[in-house]
Amino acid sequence: MNPLSLVREWFEEAAASGIIEAERMALATATPDGRPSVRIVLLKGIDEGGIRFFTNYESRKGRELDANPRAAATLYWQPLARAARLEGPVERLSAEESDAYFASRPRGAQIGAWASAQGSVLRDRAELDEHVRAVERRFPDAVPRPDHWGGYRLRPDALELWQGRPDRLHDREHFLLQPDGTWLIQRLSP
């Protein structure tokens, strides 16, 4: 059994329950010397191979993933007292996968991918607004995906499902990918 199917079930239940932005997840990356950083990104797909998210390749997370292609992510659905934690190697998605997702984004988000040098210092908000206007003039119709923007897949080799309990004796199931491709399942103490 692939525990990613359980993560997908939990995500679908969270989204169906009305949780706002059930796809929010904390993504942690680190520099090659181990300096960590974490931020919120949006989960954009779960399949048997892993979880997908998209970003600017030149952002801090993109640079860290290029230098140290491992990450950890946590999805937390507080109203359901559930969390899924995933750790593993990260790879870039194909240009075709990134193009397909980019084409599905609202025009404003497409413009933003061009206008924002994510994480760079701005003089003020007016500078960003001018970048947006310049991109709108450059692409009056269809907006192509910029080369510096695309998707990643985190392929977990460790995964934990956490179900909170009122007595704080939470249920924790830990899955470790074995060399033969099977998953070792362990119950962890809360």
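The legends below describe close-up views of a predicted model.

**View 1. Helix α1 and the face that its buried residues line.** Helix α1 covers residues 4-16, and at 1.5 Å a residue its 13 residues should span 18 Å, which agrees with the 18 Å that separates its end C-alpha atoms. Leu4, Val7, Trp10, Phe11 and Ala14 are the buried residues to look for in this helix. Seen down the axis of α1, the buried residues fall within an arc of 115°, so they line one face of the helix. An α-helix has 3.6 residues a turn, so residues three or four places apart point the same way.

**View 2. The surroundings of α1 and the residue that follows the helix.** The strands against which the buried residues of α1 pack are β3 (46-47), β4 (50-56), β5 (70-77), β6 (82-92) and β8 (158-163). After α1 comes Gly18, a residue with a positive phi, near 95°.

**View 3. The largest nonpolar core.** This core holds 29 residues, of which Met25, Ile51, Phe53 and Trp77 touch the most other members. Two or more residues are given to the core by each of α1, β1 (24-30), β4, β5, β6, β7 (149-154) and β8. The largest share, five residues, comes from α1.

**View 4. The contacts of Phe53, and a second core.** Not counting residues up to four places away in sequence, Phe53 touches Met25, Leu27, Val41, Leu42, Leu65, Val90, Gly150, Gly151 and Tyr152. Separate from the largest core is a second one of 11 residues, which includes Tyr101, Val135, Phe139 and Trp149.

**View 5. Ala81, a residue other than glycine with a positive phi.** Most residues other than glycine have a negative phi. In Ala81, however, phi is positive, with a value near 55°. Ala81 lies in the loop that runs between β5 and β6, and with a relative accessible area of 25% this residue is partly exposed, because the value lies between the limits of 20% for buried and 50% for exposed.

**View 6. Arg168, in the loop between β8 and β9.** Although Arg168 is not a glycine, its phi is positive, at about 65°. The loop in which Arg168 is found leads to β9, a strand of residues 171-177. Arg168 has a relative accessible area of 64% and is therefore exposed, the cut-off for this class being over 50%.

Conventions. Residues are numbered from 1 along each chain as its sequence is written. This is a predicted model: local features need pLDDT of at least 70, side-chain atom pairs count only at pLDDT 80 or more; totals for chains, interfaces and linings use all residues. Side-chain values use heavy atoms; hydrogens and water are left out. Helices (H or I, at least four residues) and strands (E, at least two) are DSSP runs, numbered from the N terminus. The expected span of a helix is 1.5 Å times one less than its number of residues. Buried means under 20% relative accessible area, exposed over 50%, partly exposed in between (1.4 Å probe, protein chains only). The arc is that of the directions from the helix axis to the C-beta atoms. Contact means heavy atoms within 4.5 Å. A nonpolar core is a set of buried Ala, Val, Leu, Ile, Met, Phe, Trp, Tyr and Cys residues joined through side-chain atoms within 4.5 Å.
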